[in-house]
Amino acid sequence: NLSQFFSLLSLTFEAANLDFSRYYANVFSKVGDLETEKIINIVHDDEVSHVAFGYQQIKYYAQNKDLWKYYLDNLPMNITPARSKGIGFDYLARRKAGMDDQFIEKQKKFDDGFKITRRRTT
């Protein structure tokens with residue numbers, strides 16, 4: 001269903017891409033590859049719009065239900081919000097995508113104890 005689609009793709013994988021794209025744009029900037037940095041920043045901005053669209057859809061489908069719980073309930077088995085984070089955490093991009101502070105904080109603090117999602121942040 002669409003709630004599952006937007007929960008997994010927009011609010012999990014594309015949300016993680018907000019972090020990954022910001023991280024890699026900085027990496028390319030540091031090594032002087034400004035063209036690649038520019039391209040990755042375009043990707044980042046595109047991901048903001050994808051996350052925004054998915055977040056609006058989830059809010060619509062959730063109606064008056066708790067949004068965080070609705071999101072969790074629509075993720076597939078063995079996928080958790082830990083996958084919604086990349087290297088670092090781009091809080092501002094999530095705000096730009098229209099996510100509310102409470103949802104962002106829950107996403108940021110989520111820890112399922114799964115070793116592979118515990119990435120270094122520097």
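**Exercise 1. The surroundings of Asp 100**

Task: Decide whether Asp 100, with a relative accessible area of 31%, is buried, partly exposed or exposed, and then describe its place and its contacts.

Solution: Asp 100 is partly exposed, because its relative accessible area of 31% falls between the two limits of the scale, on which buried means under 20% relative accessible area and exposed over 50%, with a 1.4 Å probe and protein chains only. The model is a predicted one, in which local features need pLDDT of at least 70 and side-chain atom pairs count only at pLDDT 80 or more, whereas totals for chains, interfaces and linings use all residues. Residues are numbered from 1 along each chain as its sequence is written, and side-chain values use heavy atoms, with hydrogens and water left out.

The next step is location: Asp 100 sits in the loop between helix H4 (91–96) and helix H5 (101–109), where helices are DSSP runs of H or I with at least four residues, strands are runs of E with at least two, and both are numbered from the N terminus. Leaving aside residues up to four places away in sequence, Asp 100 touches Tyr 55, Leu 67 and Arg 95, a contact being heavy atoms within 4.5 Å. With Tyr 55 there is also a polar contact between the two side chains, at 2.6 Å; the term stands for a pair of N or O atoms within 3.5 Å, of which, within protein, one must be able to donate a hydrogen and the other to accept it, while residues adjacent in sequence count only if both atoms are side-chain atoms.

**Exercise 2. Helix H2 and what follows it**

Task: Compare the span of helix H2 (residues 34–62) with its expected value, state which elements its buried residues pack against, and examine the residue just after the helix.

Solution: Helix H2 has 29 residues and reaches 41 Å from its first C-alpha to its last, which is close to the expected 42 Å; the expected span is 1.5 Å times one less than the number of residues. Among the buried residues of H2 are His 44, Val 48, Val 51, Gly 54 and Tyr 55, and the buried residues of this helix pack against H1, helix H3 (67–73), H4 and H5.

Just after H2 comes Gln 63, in the loop between H2 and H3, with a positive phi of about 55° although Gln 63 is not a glycine. Most residues other than glycine have a negative phi. Gln 63 is exposed at 66% relative accessibility. Asn 78 likewise has a positive phi, near 75°; this residue lies in the loop between H3 and H4 and is exposed, at 72%.

**Exercise 3. Two buried residues of helix H1**

Task: Set out the burial and contacts of Thr 12 and of Ser 10.

Solution: Thr 12, in helix H1, counts as buried at 0% relative accessibility. A polar atom of its side chain lies 2.7 Å from the backbone oxygen of Ser 7, and its contacts beyond four places in sequence include Tyr 71, Leu 75 and Arg 83. Ser 10, also placed in helix H1, is buried at 3% and touches, among others, His 50, Val 51 and Gly 54.

**Exercise 4. Salt bridges**

Task: Establish how many salt bridges the structure holds, and analyse the pairs formed by Arg 94, Asp 90 and Lys 109.

Solution: The structure holds five salt bridges, each defined as a side-chain nitrogen of Lys or Arg within 4 Å of a carboxyl oxygen of Asp or Glu. Arg 94 pairs with Asp 19, the closest N and O atoms being 2.8 Å apart; because Arg 94 lies in helix H4 and Asp 19 in helix H1, the pair ties together parts that are 75 residues apart in sequence. Both Arg 94 and Asp 19 are buried.

Asp 90 forms a salt bridge with Arg 22 at 3.4 Å between the closest N and O atoms, and this pair links the loop between H3 and H4 with helix H1 across 68 residues. Asp 90 counts as buried at 11%, whereas Arg 22 is partly exposed at 31%.

Lys 109 and Glu 105 meet at 3.8 Å, N to O, and, being four residues apart in helix H5, they are separated by about one helical turn. Lys 109 is exposed at 64%, and Glu 105 is partly exposed at 27%.
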